[in-house]
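Biologist: I would like to go through this model piece by piece. Please keep the answers short.

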Amino acid sequence: MRIVLDAMGTDEAPSAEVAGAIEAMRLESNSDVEIILVGDEGLIHAELANHVDVPGGIVVHHAPDRVTVKDPPASVIRRKPESSIVVGLKLHKEGTADAFVSAGSTGAVMASSLFVLRPLPGVERSPVGTLLPTAGDLCLLLDAGANIGCKPRHLLQFAHLGTTYMRDVMDRSSPRVGLLNIGEEPGKGDELSVATYDLLQGDPGLKFIGNIEGRDIIGGGCDVIVCDGFVGNVLLKFYESVAGYIVDLLKVELASVEDATIDLGHVFRILDYAEYGGAPLLGLGGVSIICHGGSPPKAIQNAVSVAARAVRAGLVEHSAEELNL
């Protein structure tokens, strides 16, 4: 299995990508993986030289150009065809690689993935899924910001795509689907919410548990949370800010406390986005994982592992089957 890793995506590129790739290749679970680092070969080789005992299975593919935050996402394909994002996605599309991972411009990765990999037959909107920590198991929020102005049928597709992802990649045998809303009762919310509720409720292929209020998410009552991209992105950014606030607060308040029963490391890992391996762009003819621009090596390592699990599980094929039931 070959996974393309955009080596020029993070704020610290290519150091974070190279370190993350090395750590990913050292995992026994990734023994069947080869990583293709795509980007400026001179910079990548120089960074690899800074590491000792670099494991085998890491190769470099040159891409002379790099996408920056100043580049309009929709124009990257046309204006920067030799960028690491476009070159990497084309390697995936051509079959040279089985998945693509990037911490580059989110908009550019989404737009380029849609253009190169193309949506699966019948998919009208490809959502971004983000894993959220809860008091129970992780839950998948989608859409987390790719699509605004959704129709009920789009949210129905999101539910099916999310169900397949949680089943294949997160090993949930029967994922529970909830619709994010302002109340639990049927009939609550705007026209989109009411119409979507009826579609979800009437679909025998989904384990729909009803409306989910914002306060219920943290309790871990469902596996897939479906919403419009505008709402999802607001929720995601608030979730991230609260997690950061809690971590900072704990560090300050417990700095002088010596109590071996308090496992702060465990708390920090639960709230750290680096632990969850990036956000999948679902409903495409390939595996595309989007990471945060500030991703440390740990996040890159986990994103590669998530991509590998998606390929092993046959996520793309199963998603196509799910939508054609």
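Modeller: One term first: a residue is buried when its relative accessible area is under 20%, and exposed when it is over 50%. The model is predicted.

Biologist: Is T163 buried or exposed?

Modeller: T163 sits in helix α6. Its relative accessibility is 3%. The cut-off for burial is under 20%. T163 therefore counts as buried.

Biologist: Which residues is T163 in contact with, leaving aside neighbours within four places in sequence?

Modeller: A contact needs heavy atoms within 4.5 Å. With neighbours within four places in sequence set aside, the contacts of T163 are P175, V177, L206, V224 and E322.

Biologist: Now the whole chain. What radius of gyration does the protein have, and what would a compact globule have?

Modeller: The protein has 325 residues. For a compact globule of that length, the expected value is near 20 Å. The protein agrees with this, because its own radius of gyration is 20 Å.

Biologist: What are the spans of the C-alpha trace along the principal axes?

Modeller: The fold holds 12 helices and 11 strands. Of the residues, 50% count as buried. Along the principal axes, the C-alpha trace spans about 60 × 55 × 35 Å.

Biologist: What share of the contacts with a separation of 6 or more comes from residues 24 or more positions apart?

Modeller: Take the contacts in the protein with a separation of 6 or more. Residues 24 or more positions apart account for a share of 70%.

Biologist: How far apart do the centres of the positive and negative side chains lie?

Modeller: The exposed area is about 14600 Å², with 54% supplied by carbon and sulfur atoms. On the charge side, there are 25 positive and 43 negative side chains. The centres of the two sets lie apart by 5 Å.

Biologist: Why is strand β1 described as largely enclosed?

Modeller: β1 covers residues 2–6. It is largely enclosed by the rest of the structure because the number of its five residues that are buried is four.

Biologist: Which residue in β2 stands opposite D6?

Modeller: β1 and β2 (residues 34–39) run parallel, joined by five bridges. Opposite D6 in β2 stands V38.

Biologist: Which residue is the bridge partner of F100 in β11?

Modeller: Start from β4, which is joined to β1 by three parallel bridges; there L5 has V101 as its partner. β4 also pairs with β11 (residues 288–290), again parallel and over three bridges. In β11, the partner of F100 is S288.

Biologist: Which residues of β4 point the other way from A99 and V101?

Modeller: A99 and V101 point one way from β4, and they are buried. The residues on the other side are buried too. They are F100 and S102.

Biologist: What do the buried residues of helix α4 pack against?

Modeller: α4 is mostly covered, with eight of its 10 residues buried. Among them are I85, V86, V87 and L89. They pack against β1, β2, β3, α3, β4 and α5.

Biologist: What is the relative accessibility of L89?

Modeller: L89 lies in α4. Beyond neighbours within four places in sequence, its contacts are F100, S112, S113, V116 and L117. L89 counts as buried because its relative accessibility is 0%.

Biologist: How far apart in space are L89 and Y197, C-alpha to C-alpha?

Modeller: In sequence, L89 and Y197 are 108 residues apart. In space, C-alpha to C-alpha, they are apart by 36 Å.

Biologist: Backbone next. Which peptide bonds are cis, with omega near 0° and near 15°?

Modeller: Most peptide bonds are trans. P14 lies in the loop between β1 and α1, and D143 in the loop between β6 and α6. The cis bond with omega near 0° runs from A13 to P14. The one near 15° runs from L142 to D143.

Biologist: What phi does D171 take?

Modeller: Most residues other than glycine have a negative phi. D53, in the loop between α2 and β3, has a positive phi near 55° and is exposed at 68%. D171, in the loop between α6 and β7, is exposed at 65%. The phi of D171 is also positive, near 60°.

Note on methods: Residues numbered from 1 in each chain as written. Predicted model: local features only at pLDDT ≥ 70, side-chain atom pairs only at ≥ 80, totals over all residues. Heavy atoms only, no water. Helix = DSSP H or I, 4+ residues; strand = E, 2+ residues; numbered from the N terminus. Rg over C-alpha atoms; globule rule 2.2 N^0.38 Å. Buried < 20%, exposed > 50% of the residue type's maximum accessible area, 1.4 Å probe, protein only. Areas by Shrake-Rupley, 256 points an atom, 1.4 Å probe, with all protein chains shown as cover. Lys, Arg positive; Asp, Glu negative; His and termini not counted. Charge placed at Lys NZ, Arg CZ, Asp CG, Glu CD. Pairing = 2+ DSSP bridges.
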